[in-house]
Amino acid sequence: MNDHRLRQLPLSVTQEAMWVTWQLDPAKWEHIVPLALAVEGALDRDRLRLAVAALARRHPLLRARVRDTPAGLVLDWGDDLPVPVTVREVTGPREAALTAAQAPFDLARGPLARVEVLEGPDYTVLLITVHHLVLDGTSVPFLLQDLRRAYEGQELGGPDDLAPLLEHARRSREAAEGAAGERLRSFWREELEAMPAALPLPVQASRSEDGRLPCLVDDELAQQARILAKSLDISYFTVMLGALFVTLHHHTGGEDLIVSAPYHGRSDQALRGRVGFFVNVLPFRQRLRPSDSYEQVLRTLRSTIRAGLEHGALPLPAILRAARLVGPEARRHTHQVVFEYWDATLGGSGLDVHDFRLSHGTSSCRLSLLDVTDAADYRLTVMLAEGSTGSRMLWKDPAGTVGRPTVDALARDFLAVVADMAADPHRTLAEATARLSPVVRPQADPGPVPTGQHTAEPSAALAPLTGIWREVLRIEDISAEDSFFELGGHSLLATTLAKRITDHLGVELSVRDLFSHPKLGDLASVVDERLAAATAHAPAPAAEAADWADGFPATGFQESIWLAERLDPANARYHVPLFWQVLGELDPRRLGLALTRLVSRHEILRTRFVDRDGRLHHEVAEPWIPEVDLLDLSSVPEAERLPRLSAWADAAGRGFEPASGRLLAAALVTLPHGGRVLALCLHHLVIDGESVPVLLRELERCFGQAEGPAPRQYRELVLAQRTGGGRAGAAADLDHWRTHLTGAPSTLGLAAPAVPERHGNLTLPLDPDLARRLLPVRTEWGVSQFMINATALAAVLHRWSGLTDLTFGVPVAGRAAGVFDDVIGPCMNTLVLRSRCEAGSTLAELLQTVREEVIGAFEHNGAPFEEVVGQLRPARSRGRTPFVDCVLNSVGMTEWSGALGDARVVSLGHELQHEETSKFPFTVTFTETAGTVQGTLAYRGDCLTPSDAHRLATELAAVLDHFQELLPRPAAGLPDPKEL
């Protein structure tokens, strides 16, 4: 028999277990892998059908069905079933369309794969859905690589020799049932024996819809974890799995836990690069004691993982049978959490699943894999995916039994544990968990109150406190006996709740108070007692808030803008233009109504800025109705459109009067072929870059007339900054800056042009592949992309200025995460980076110096820049800001797009950055989107000539482009770009 002509394969032990699950519930969306690929460009449907047919010939398991034969269950593709390709028009958002496309497979009929093209109103998705019986995660890049080759017209041929697949199934059965597997079964029997009572994740009282929580892992945090792994001689996977164990230990109280993890199962060299199902899932057991240090946990876990992998050929069903962990009670141990680690950059497929193209002739489209939405047979799936776009986590609660509040808390605490591990691997678990927010677990019901017991007097604080609980928890029906945590509260919301009670009721309340008195009635009694005890000593925040009824002082940032406009009106351009491409229909009337609601909801958008004795103050005015300008650029040549949009924003900005309270303008622009652009322009007094995602979310809410809690107002944020507990921290930060910047030059000493020229903006000529090429530097040196950008800029500035000691500014957000996330308004502060580079210092040494400088600056970001300057009293010159002749800006625009009704609005922020001019002598802005770094250099013509600006941009791009090879070279003496 020629093995490549096989028409059947026996199921492995694990595949048979999947078949049993399907038999019990054929409609269940379990063990199904949907590969959703976002499509940009022209996808040839006929070419796709030919490619899928070739793919099915190459991988016949895709067109198989399961048959129950006398010899056992087999995958059979003898019927030559085609893999169907369907093109469907869908309506509604992309996520809803993907959910609607979910459908189980009939394993008895086959085939086990299908391909669908979902044509939405403003998106196209290629959805390849495959049953897990014939596809595991390691196979995905190889499957997509073959699809790409087939689409290009390359010949895939028939299947490779299928004998290794037959041998894999045989070994699986022998390990589970034969004598050769006794060594494996004995190991797992001993490894999992004597499990204590299970302490599973809490069960949500009423099941919610399927839940997914995607989140990015900060590049710097990921690098810190890799550095820790290297220092301990363990794998990055071990560090992240260890952090998950510690997080679960904190949330469940368990000291003997199991977290399962997939093992690729391709120990046979003949299976490398093959498409199919070979993965096994291994239950890793970890015992954790409060006295253990992080390092001890990780080293023990390394041994556990190594031993498990050495015995990983035993299929999971056989592992559980050997350990007698079967039945519902056992699943409380073994099927709580699975940790899936997927590194798409490995495997040798040569394909980046997050960015590849299908091409044929002149037709081409770009594909990018979206979050995998498969549902594993576990209550909670934690996926860590590594790829060209960095580290991304997906927390999946497929049955909705864990609950979003718990998932949110787990995700947040996991990242905190990783950071804490990297910061101090010698910290004990007792010390570590004490640094996390407390977790309150449900207590036994004490039973009814005995009859005849006197009822306490009604609480005066109960009514207002109930209102605050409703606002924070977004639940209407709340009684005095309800517990904050049983209603879905968690540690982050606890911080928010305590802060709002303090602000609104004028009584100091801590998170510890909430954990000690979780019931609403009990907490109201605590508030009553403290209010009664404090009648003679009213808290300063409440008193000051009352004084603000008729207006309140502007922030230092706002006052500096106001003064700059008065002192230097020719150069001070403080309007913020925002542009979105509109995909779909956007009704101007509904847009105007949404903007009116937006102004009504947010005081800052109807605030008058007035001069009171030489100081700027806020005065909140009545709501007003913004008008939507209708601009027709349909006949304007393409080269003139962006300048015309910029001209509209400039005109709107010039028309802003801070005292009017109307610092927002809007336009709906018509382009050729029915294209539209939504344009907003706001004064910098009322918005900054960090507010743009909030503005868009709120506009979405107002457009859909969605009900929801009132947002926090900008005055609350300002009051918290001035009267909150952060004052001591701000004072300490101010001391830091006073010491750190003493003696630093306040200017770069750049010579101004003899004759001022026009302001300008240049695009940095950066390699599109720059971020990927710099990954080795980030890994080796433990730095972020921002630190590399800052080092390159510092090197160029040292060379240009001839200074060995210089400064430049970095804007940062001063918004308190989780408390003021719904506030629109400028919350920016400026940090000063001081770079010292002696003659002969290498670029590598400068990188290390800048790394420490950045870390130190962000650790002391509580002191307002204006106060720092006021303390140091540096020499000033008209139109210049001390220490910040140059500003380095980093913009993340991942949340700058959204949906207004049926229309999708996609940010055009980067495309329009070249129209922006600098408020400082020059500003370097880096934007990171989809793993690509882009940059611009904006400059003032009265501070820099166009030729000098062009040289600066060219040199900066060259240093970044050759950064790794320049590390051993002197930083201040880098070669001319022409020599590189």
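**Figure 1. His673, an exposed loop residue with a positive phi.** With a relative accessibility of 85%, His673 counts as exposed. This close-up comes from a predicted model, as do the views that follow. His673 sits in the loop that runs between strand 21 (664–670) and strand 22 (676–683). Its backbone deserves a second look: the phi of His673 is near 60°, a positive value in a residue other than glycine. As background, most residues other than glycine have a negative phi.

**Figure 2. Phe883, a buried loop residue with a positive phi.** Here is another loop, this one between helix 29 (865–872) and strand 26 (886–892), and Phe883 is found in it. Phe883 is not a glycine, yet its phi is positive, at about 75°. Is Phe883 buried or exposed? The relative accessible area of Phe883 is 2%, so the residue counts as buried. Flip back to the previous view for the contrast: Phe883 is buried, whereas His673 is exposed.

**Figure 3. The cis peptide bond between Gly110 and Pro111.** Please look at the bond that joins Gly110 to Pro111: this peptide bond is cis, with omega at about -10°. Most peptide bonds are trans. Pro111 belongs to the loop that connects helix 3 (94–100) with strand 6 (113–119).

**Figure 4. Helix 8 packed against helix 9.** Two packed helices are described by the angle between their axes and the distance between the axes. In this view, helix 8 (residues 236–252) packs on helix 9 (residues 294–310) at an angle of about 115°, and the axes are 9 Å apart. The two helices make a right-handed crossing. Which residues of helix 8 meet helix 9? Helix 8 brings Phe237, Thr238, Val239, Leu241, Gly242, Phe245 and Val246, and these meet Tyr294, Leu298, Leu301, Arg302 and Ile305 of helix 9. Sorted by class, this contact has nine nonpolar residues, two polar ones and one charged one.

**Figure 5. A salt bridge within helix 9, between Glu295 and Arg299.** Stay with helix 9 for a moment, since the helix has a salt bridge of its own to show. The side chains of Glu295 and Arg299 meet in this salt bridge, at 2.9 Å from N to O. The two residues are four positions apart in helix 9, so about one helical turn separates them. Glu295 has a relative accessible area of 16% and is therefore buried. Arg299, at 30%, is partly exposed.

**Figure 6. A salt bridge within helix 6, between Arg185 and Glu182.** A pair in helix 6 (residues 182–191) comes next: Arg185 and Glu182 are three residues apart, so they are separated by about one helical turn. Their side chains form a salt bridge with an N to O distance of 3.2 Å. How do the partners sit relative to the surface? Arg185 is buried, with a relative accessibility of 12%, while Glu182 is partly exposed, with a relative accessible area of 34%.

**Figure 7. Arg58 and Asp146, a salt bridge between two helices.** The count of salt bridges comes to 43, and this view shows one that joins two helices. The closest N and O atoms of Arg58 and Asp146 are 3.9 Å apart. Arg58 lies in helix 2 (residues 45–58) and Asp146 in helix 4 (residues 140–151), so the salt bridge ties together parts that are 88 residues apart in sequence. Both partners are buried: Arg58 has a relative accessible area of 18%, and Asp146 has a relative accessibility of 9%. The pair also has company, as a network of salt bridges links Arg58, Asp146, Arg149 and Asp160.

**Figure 8. Thr14 and its contacts far along the chain.** Thr14 is a residue of helix 1 (residues 13–24). Its relative accessibility is 15%, so Thr14 counts as buried. What does Thr14 contact, leaving aside its neighbours within four places in sequence? Those partners are Phe277, Asn280, Pro315, Leu316 and Pro317. For the wider setting, residues 24 or more positions apart account for 75% of the protein's contacts with a separation of 6 or more.

**Figure 9. The whole protein, for orientation.** Zooming out, the protein has 31 helices and 30 strands. Of its 980 residues, 52% are buried. The accessible surface of the protein is about 43000 Å², and 51% of that surface belongs to carbon and sulfur atoms.

Methods. Residues are numbered from 1 along each chain as its sequence is written. This is a predicted model: local features need pLDDT of at least 70, side-chain atom pairs count only at pLDDT 80 or more; totals for chains, interfaces and linings use all residues. Side-chain values use heavy atoms; hydrogens and water are left out. Buried means under 20% relative accessible area, exposed over 50%, partly exposed in between (1.4 Å probe, protein chains only). Contact means heavy atoms within 4.5 Å. Accessible areas come from the Shrake-Rupley method with a 1.4 Å probe; for residues, only the protein chains shown count as cover. Axes are lines fitted to C-alpha atoms, for helices over the stretch in contact, and angles run from 0 to 180 degrees between N-to-C directions. A crossing is left-handed if the near helix is turned anticlockwise from the far one by less than a right angle, and right-handed if clockwise. Ala, Val, Leu, Ile, Met, Phe, Trp, Tyr, Cys and Pro count as nonpolar, Asp, Glu, Lys and Arg as charged, and the others, Gly among them, as polar. A salt bridge is a side-chain nitrogen of Lys or Arg within 4 Å of a carboxyl oxygen of Asp or Glu.
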